[in-house]
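Trainee: Could you take me through one part of this model at close range, the sheet and the helices that pack on it? I would love a connected account rather than a list.

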Amino acid sequence: MKLKFRVPRMPRVSWRVLAWAGAAMAVMVLWMTAPLALSRLQFFRVRQVEIVGIRYLDADQVLAALHLSPTASVFDETEPLVERLRGLDGIVDASVIRRPPGSLKVIVREIEPVALLMSERGALAPVDAEGRPLPFDLGGLDLPIVRSNANGGMGDSSVVGLLARVQAVDPALFQTIDAASRTETTRGDVLLELGGGAHRVLLNPDAGPEVIEAVVLVARDLAAKARPYVELDARFAGQVVVRRRSTAGGTV
């Protein structure tokens, strides 16, 4: 008895399938090599840069950080440009979008300034939530002034950190703060001066959102009832003390 084996035939590949495969490979090769080829053409050199998102930085600072060469092309790699922007003081994130034939769109997200730190000589410098200086122009910055105390350093940082929490919890309250400083108490409490000095708020340096919200609610209630006050003391657990006369240096 003879056994017969049948070898399966491979399906014939249509010339159309081969044509499509060849076209796809050609497109992939062009896709990978086109930017390199186009970047050498003068027509695609960067002639314009649109900057979006700057409020405090100057446009010239951003342009200088890009370090664009005279022969820079819109088809050059954008990641090096992004890294240069992220390394610029005052910027927390950035992106660069190509706009052929000759434009780049730069989108930046700046670090939000929290206060103006006053040195012992009276000079003002904008700082972030951690007390680090920012390269922003003072013009147009309406921020609380933090008076540097004798200790400086961590003391100033704790005041700025508290201001940052107030800014996050209640921006409206933050906008009314004119100045902030540490008191002369051993605990280093924080004194906030509001409304041109008409009101004062005393807080622990580590006061959380619930304490800040309590101060806001008490202030609103007093305003609604037209009851005058000078000082709100929120340094005590679970209560806000209302005073018609301020305490000297917040030593109570």
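Mentor: Gladly. Let us begin with a term: two strands count as paired if DSSP finds at least two bridges between them. Please keep in mind that this is a predicted model.

By that rule, 3 strands form an open sheet, in the order β1-β3-β2, and the pairing is mixed. The edges are taken by β1 (48–52) and β2 (91–99); each has a single partner strand, so one side of each is left without a neighbour in the sheet. From one strand to the next, the twist averages 20°.

Now look at the pairing of β2 with β3. Strands of a sheet pair through backbone hydrogen bonds, and they may do so parallel or antiparallel. Here β2 and β3 (residues 103–110) run antiparallel, joined by 8 bridges. To pick out one position on the model, find Val96: its bridge partner in β3 is Val106.

With the strands in place, we can add the helices. Helix α2 (residues 59–66) packs on the sheet, where it touches β1 and β3, and its direction makes about 120° with that of β1. Helix α3 (residues 79–86) lies across β2 and β3, and runs at about 155° to β2. An angle over 145 degrees counts as roughly antiparallel, so α3 is roughly antiparallel to β2.

The two helices also meet each other. α2 and α3 pack at an angle of about 130°, and their axes are 8 Å apart. That angle makes α2 oblique to α3, and the crossing is right-handed. On the α2 side, the contact is made by Val62, Ala65 and Leu66, while α3 contributes Leu81, Arg84 and Leu85. Sorted by character, the residues of this contact are 5 nonpolar, no polar and 1 charged. Arginine counts as charged, so the charged residue is Arg84 of α3.

While you have the model open, turn to Leu141 as well, which sits in the loop between β5 (124–127) and β6 (145–147). Is Leu141 buried or exposed? Its relative accessible area is 12%, and the limit for buried is under 20%, so Leu141 is buried. Leaving aside its neighbours within four places in sequence, Leu141 is in contact with Tyr56, Pro113, Leu116, Pro126 and Phe136. Take Pro113 from that list: Leu141 and Pro113 are 28 residues apart in sequence, and their C-alpha atoms are 8.6 Å apart in space.

Methods:
Residues are numbered from 1 along each chain as its sequence is written. This is a predicted model: local features need pLDDT of at least 70, side-chain atom pairs count only at pLDDT 80 or more; totals for chains, interfaces and linings use all residues. Side-chain values use heavy atoms; hydrogens and water are left out. Helices (H or I, at least four residues) and strands (E, at least two) are DSSP runs, numbered from the N terminus. Axes are lines fitted to C-alpha atoms, for helices over the stretch in contact, and angles run from 0 to 180 degrees between N-to-C directions. Contact means heavy atoms within 4.5 Å. Buried means under 20% relative accessible area, exposed over 50%, partly exposed in between (1.4 Å probe, protein chains only). Angles under 35 degrees count as roughly parallel, over 145 as roughly antiparallel, 65 to 115 as roughly perpendicular and the rest as oblique. A crossing is left-handed if the near helix is turned anticlockwise from the far one by less than a right angle, and right-handed if clockwise.
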